[in-house]
Amino acid sequence: MGFRGFHLALSLVCLVAAALPGQAEEDQGPGVRIELNSLDPVEGACRISFVIQNGHAHDIDNAVFEAVLFDAEGRVERLTLFDFGALPAARPRVRQFVVPGLACDGLGRVLINGSETCAGDGLPPGACMEGLELESRTDVELIG
């Protein structure tokens with residue numbers, strides 16, 4: 001391989017490497033990804049932090065999910081709605097919710113029970129629940 005061939009191969013490697021960060025966002029595919037990121041005790045409450053990403057090609061103007069909070073013994077502690085608000089396409093967002101009367105260390109599992117609201121121009125039906133990906137960085141399981 002001569003200098004010109006080496007230069008061309010190096011240019012191709014650089015182009016592929018430059019495309020990789022954008023490719024990672026596309027790999028999510030259409031759907032919503034929710035990560036339970038942290039649980040922090042605050043005065044008489046638990047602050048629950050989520051990282052959420054809209055993998056659709058269109059913005060979600062309003063996303064509200066029904067969640068069931070289970071205690072450490074597996075009993076339903078409460079049903080609640082988490083209003084994640086607007087979720088721009090392909091951009092992560094952090095949302096925090098303070099749940100009064102909930103001890104973080106007593107929380108055992110969070111179930112995303114369904115989507116109460118999922119609105120936005122160009123979104124397919126069921127956009128917030130179809131292809132929903134869930135993950136937890138805490139000891140509390142996030143299921144759906």
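Analyst: Two strands count as paired if DSSP finds at least two bridges between them. The model discussed here is predicted.

User: What makes strand 3 and strand 6 a pair, and which way do they run?

Analyst: Strand 3 covers residues 60–71 and strand 6 covers residues 107–119, with 10 bridges joining the two. The requirement is at least two bridges, so strands 3 and 6 are paired. Their direction is antiparallel. Opposite N62, in strand 6, stands A119.

User: Strand 8 is residues 141–143; how do you know that strand 8 is joined to strand 6?

Analyst: Three bridges link strand 6 to strand 8, and these two strands run parallel. At least two bridges are needed, therefore this also counts as a pair. R109 stands opposite E141 of strand 8, and V110 has L142 as its bridge partner in strand 8.

User: Why is the pairing in the open sheet called mixed, and what is the order of its strands?

Analyst: The sheet has four strands, in the order 4-3-6-8. Strands 3 and 6 are antiparallel, whereas strands 6 and 8 are parallel. The sheet's pairing is accordingly described as mixed. From one strand to the next, the twist averages 25°.

User: What makes a strand an edge strand here, and which strands are they?

Analyst: An edge strand pairs on one side only, and that holds for strand 4 and for strand 8.

User: Why is I143 called partly exposed?

Analyst: Buried requires under 20% relative accessible area and exposed requires over 50%. I143 has a relative accessibility of 23%, so it falls in between and counts as partly exposed. The residue lies in strand 8.

User: What is I143 in contact with, leaving aside neighbours within four places in sequence?

Analyst: I143 contacts R109, V110, L111, I112 and L134. For a contact, heavy atoms must come within 4.5 Å. I112 is 31 residues away in sequence, yet the two C-alpha atoms are 6.2 Å apart in space.

User: Which residues touch the most other members of the largest nonpolar core?

Analyst: I48, F65, F82 and F84 do, in a core of 29 residues. Strands 1 (32–42), 2 (45–54), 3, 4 (76–87), 5 (92–100) and 6 each give two or more residues to this core. Strand 3 gives the most, namely five. In soluble globular proteins, nonpolar side chains tend to be buried together.

User: What does F84 contact, apart from neighbours within four places in sequence?

Analyst: F84 is in contact with F50, I52, A63, F65, R95 and F97. Among these contacts, F65 is, like F84, one of the residues touching the most other core members.

Notes: Residues numbered from 1 in each chain as written. Predicted model: local features only at pLDDT ≥ 70, side-chain atom pairs only at ≥ 80, totals over all residues. Heavy atoms only, no water. Core = buried A, V, L, I, M, F, W, Y, C linked by side-chain atoms within 4.5 Å. Buried < 20%, exposed > 50% of the residue type's maximum accessible area, 1.4 Å probe, protein only. Axes fitted to C-alpha atoms, helices over the stretch in contact; angles between N-to-C directions.
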